[in-house]
Amino acid sequence: MGLGGNALLKPSGNQSVSGEISSIKNIAKTIARLSSRFNIVITHGNGTQVGDELIKNKNSGLEMLPLYLLNAETQGSIGSIIETAINSSRPSKPFCTVVTHVVVDKSDDAFSVPTKPIGPFYTKRELGKGSKGQFSYIKENGMFRIVVPSPKPIKILEIEQIKHMLKRFNVICGGGGGIPVFIEGNSIIGANAVVDKDYTTQLIATTIKARRMILLTNADYVYKDFAGRKGKIKKVSVQEINSMIGNFEEGTIRPKIDACIRFIKNGGEIAQIGSINMLDKIIKKESGTLITR
Ligand SMILES: Nc1ncnc2c1ncn2[C@@H]1O[C@H](COP(=O)(O)OP(=O)(O)OP(=O)(O)O)[C@@H](O)[C@H]1O
Ligand SMILES: [Mg+2]
């Protein structure tokens with residue numbers, strides 16, 4: 001189950017940690033209840049949080065932490081928020097957070113074309129001020145956001161540990177898409193990027209042979225025409241949604257659809273995309289977009 005970073009903390013810059021804690025509380029109760037029926041793996045995004053950390057680091061005057069370690073920091077803090085919220089709601093089996101590294105390829109095209117927006121939105125005027133010049137930016141709805149490389153995850157380093165833990169516990173892992181690393185000989189070396197958690201969620205789900213993968217976000221369905229909120233897709237085959245893939249927005253909804261297609265093609269039974277507030281109904285297949293064979 002992937003929890004959308006945006007659904008937990010909006011990138012508007014005016015949400016607080018207490019806001020983030022209260023938004024997880026609602027879903028934590030539902031997840032705790034579901035743990036009596038399912039073995040659950042939770043992943044989550046970190047787009048807003050990791051960008052905020054990058055700015056704070058930059059402004060601190062102290063030595064900046066590399067981006068891969070900021071991913072590690074946000075895995076810890078968001079993992080702690082999710083874990084304590086669910087474990088306070090009396091799940092059947094406790095949840096435990098695993099610091100997770102994902103292997104990425106040095107020659108991934110993503111390193112030459114950064115596409116993943118992170119952190120707060122800036123106006124053009126704010127960008128002109130101060131020394132924000134060291135990052136790349138993307139324009140979204142007239143505002144600017146830092147963009148970083150977002151390579152595809154190839155392998156989850158802790159997958160055997162995760163499988164082992166799942167025999168007795170529920171697991172929170174792959175946070176923020178995982179901490180990206182290169183493998184060089186016997187060495188594991190941090191890579192400065194932010195992986196899209198939808199791809200990492202699929203890789204974990206496929207590798208542990210999950211039957212169902214649910215990607216929770218702030219949209220209730222995938223829409224054929226999102227701008228006009230028309231063409232709500234309730235149930236669709238992999239083949240059919242694959243034929244429409246070009247219509248879906250890169251960087252937001254497309255990675256989710258791509259991840260669902262890959263999950264089903266690699267042996268998964270059900271993939272769903274829906275609202276973080278509708279998990280109860282999504283489980284009963286009464287809400288969200290359902291993708292099957
Ligand atoms: N065709 C579409 N149908 C539904 N949502 C769409 C569509 N096209 C674009 N979207 C947008 O995609 C968003 C979900 O992707 P986004 O990457 O923003 O969130 P997330 O993956 O939940 O969070 P994060 O990436 O921070 O973890 C929705 O909130 C919606 O605004
Ligand atoms: Mg996303």
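Asn-247 sits in the loop between helix H8 (238-243) and H9. This is a predicted model. Asn-247 is exposed, because its relative accessible area of 60% lies over the 50% cut-off. Now look for Ser-77. Asn-247 and Ser-77 are 170 residues apart in sequence. In space, their C-alpha atoms are 35 Å apart.

Step back to the whole chain. It has ten helices and 17 strands. Its radius of gyration is 18 Å, close to the 19 Å that the globule rule gives for 293 residues, so the chain is as compact as a globular protein of that length. Along the principal axes, the C-alpha atoms fill a box of roughly 50 × 45 × 40 Å. Of the 293 residues, 49% are buried. Contacts tell of the fold too. Among those with a separation of 6 or more, 72% join residues 24 or more positions apart.

Next come the open spaces. The largest pocket holds about 1300 Å³ of space. Its lining has 49 residues, and the closest to its centre are Glu-249, Glu-250, Gly-251, Thr-252 and Ile-253. Ile-253 is also where helix H9 (253-265) begins. Several elements each give at least two residues to this lining. The helices are H1 (5-8), H3 (47-59), H7 (197-207) and H9. The strands are E5 (116-122), E6 (136-140) and E13 (222-225). Strand E13 gives the most, with four residues. By type, the lining divides into 19 nonpolar, 16 polar and 14 charged residues.

The second largest pocket has a volume of about 540 Å³. It is lined by 21 residues, and the closest to its centre are Phe-38, Asn-39, Ala-210, Arg-211 and Arg-212. Strand E2 (41-44), helix H7 and strand E12 (212-217) each supply at least two residues of this lining. Here the division is 14 nonpolar, three polar and four charged.

Helix H7 deserves a closer look. It supplies at least two residues to the lining of the largest pocket, and at least two to that of the second largest pocket. How many residues of H7 are buried? Nine of its eleven are, so the helix is largely enclosed by the rest of the structure. The buried run starts with Lys-197, Asp-198 and Tyr-199. It goes on through Thr-200, Thr-201, Gln-202 and Leu-203 to Ile-204 and Ala-205.

Both ends of H7 can be followed. At the N-terminal end, Asp-196 acts as a cap. A side-chain oxygen of Asp-196 lies 3.0 Å from the backbone nitrogen of Asp-198. Asp-198 is itself one of the buried residues of the helix. After the helix comes Lys-209, whose phi is positive, near 60°. Further on are Ala-210, Arg-211 and Arg-212, which are among the residues closest to the centre of the second largest pocket.

One enclosed space remains. A search of the whole structure finds one cavity of 30 Å³ or more. The largest cavity has a volume of about 30 Å³. Which residues line the largest cavity? They are His-44, Gln-75, Thr-97, Val-98, Val-99, Cys-173 and Gly-175. Three of these lining residues count as nonpolar, four as polar and none as charged. His-44 also ties this cavity to strand E2, whose range is 41-44. That strand supplies at least two residues of the lining of the second largest pocket.

Notes
Residues numbered from 1 in each chain as written. Chains lettered and ligands numbered in written order. Predicted model: local features only at pLDDT ≥ 70, side-chain atom pairs only at ≥ 80, totals over all residues. Heavy atoms only, no water. 1 Å grid on protein atoms, 1.4 Å probe; cavity = no way out; pocket = protein on both sides within 12 Å on 5 of 7 lines; lining within 4 Å. Points joined across faces, edges and corners; volume = space filled by probe spheres on them. Nonpolar A, V, L, I, M, F, W, Y, C, P; charged D, E, K, R; others polar. Buried < 20%, exposed > 50% of the residue type's maximum accessible area, 1.4 Å probe, protein only. Polar contact = N/O pair within 3.5 Å; in protein donor to acceptor, adjacent residues only side chain to side chain. Rg over C-alpha atoms; globule rule 2.2 N^0.38 Å. Contact = heavy atoms within 4.5 Å.
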